[in-house]
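Student: I am new to this one. Please take me through a single part closely, then show how the rest connects.

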Amino acid sequence: MVIEVQGPSHYVGGDFTTRNGSTLLKIALLQKSGFEVVEIPTNTLCSPDSIKRCIDQIKSRVDIPPTGSWLCIT
């Protein structure tokens, strides 16, 4: 599994709507190599609750049950 945290430079015009060509190519090559890619735009990480949702989503993809506790390193 690859976790790709994407800032504005991964998007056309930095708008967090349309990913640019190099990002799309990288994701496609990783998937072709057999990796599951989890894309996390940084604009979705504005609060501890949104970070927890991302962590729980990743845990569910690797069969780790979500818990009430989590670690955030800033």
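Student: Start with one residue of the helix. What is the relative accessible area of Leu24?

Tutor: Leu24 has a relative accessible area of 39%, so it is partly exposed. Buried means under 20% relative accessible area, exposed means over 50%, and partly exposed lies in between (1.4 Å probe, protein chains only). Note that this is a predicted model, where local features need pLDDT of at least 70, side-chain atom pairs count only at pLDDT 80 or more, and totals for chains, interfaces and linings use all residues. Residues are numbered from 1 along each chain as its sequence is written, and side-chain values use heavy atoms, with hydrogens and water left out.

Leu24 sits in helix H1. Tyr11 is 13 residues away along the chain, and the two C-alpha atoms are separated by 9.7 Å.

Now place that helix in the fold. The protein has two helices and two strands. From the N terminus, the order is β-α-β-α. These elements are DSSP runs numbered from the N terminus: helices are H or I with at least four residues, strands are E with at least two. Of the 74 residues in the protein, 26% are buried.

Begin with the strands. Glu4 belongs to strand S1, residues 2–6. With a relative accessible area of 9%, Glu4 is buried. Its side chain makes two polar contacts worth finding. One reaches the side chain of His10, at 3.3 Å. Another reaches the side chain of Lys26, at 3.0 Å. A polar contact is a pair of N or O atoms within 3.5 Å; within protein, one must be able to donate a hydrogen and the other to accept it, and residues adjacent in sequence count only if both atoms are side-chain atoms. Leaving out residues up to four places away in sequence, Glu4 touches His10, Lys26, Ile27, Val37, Val38, Glu39 and Ile40. Contact here means heavy atoms within 4.5 Å.

Val37 from that list lies in strand S2, residues 37–41. It is buried too, at 10% relative accessible area. Val37 and Val2 are 35 residues apart in sequence, yet 4.8 Å apart in space, C-alpha to C-alpha. Beyond its neighbours within four places, Val37 contacts Val2, Glu4, Ile27, Leu30, Gln31 and Arg61. Across the protein, take contacts between residues at least 6 apart in sequence: 40% of them join residues at least 24 apart.

Next, the loop between S1 and helix H1 (21–32), where Gly7 is placed. Gly7 is buried, with a relative accessible area of 15%. Asn43 is 36 residues from Gly7 in sequence, but 7.6 Å away in space, C-alpha to C-alpha. Gly7 touches Phe16 and Thr42, residues up to four places away not counted. Phe16 lies in the loop between S1 and H1 as well. It is partly exposed, at 23%. Phe16 has a positive phi of about 60°, although it is not a glycine. Most residues other than glycine have a negative phi.

Finish with the largest pocket. Its volume is about 200 Å³. The search uses a 1 Å grid over the protein atoms alone: a cavity is a set of points where a 1.4 Å probe fits but cannot get out, a pocket is an open set with protein on both sides within 12 Å along at least five of seven lines, and lining residues have an atom within 4 Å of a point. Grid points are joined across faces, edges and corners, and a volume is the space filled by probe spheres set on the points.

The pocket lining is Ile3, Val5, Ile40, Leu45, Ile51, Cys54, Ile55 and Ile58. S1 and helix H2 (48–61) each give at least two residues. H2 gives the largest share, four residues. The lining has eight nonpolar residues, no polar and no charged. Ala, Val, Leu, Ile, Met, Phe, Trp, Tyr, Cys and Pro count as nonpolar, Asp, Glu, Lys and Arg as charged, and the others, Gly among them, as polar.
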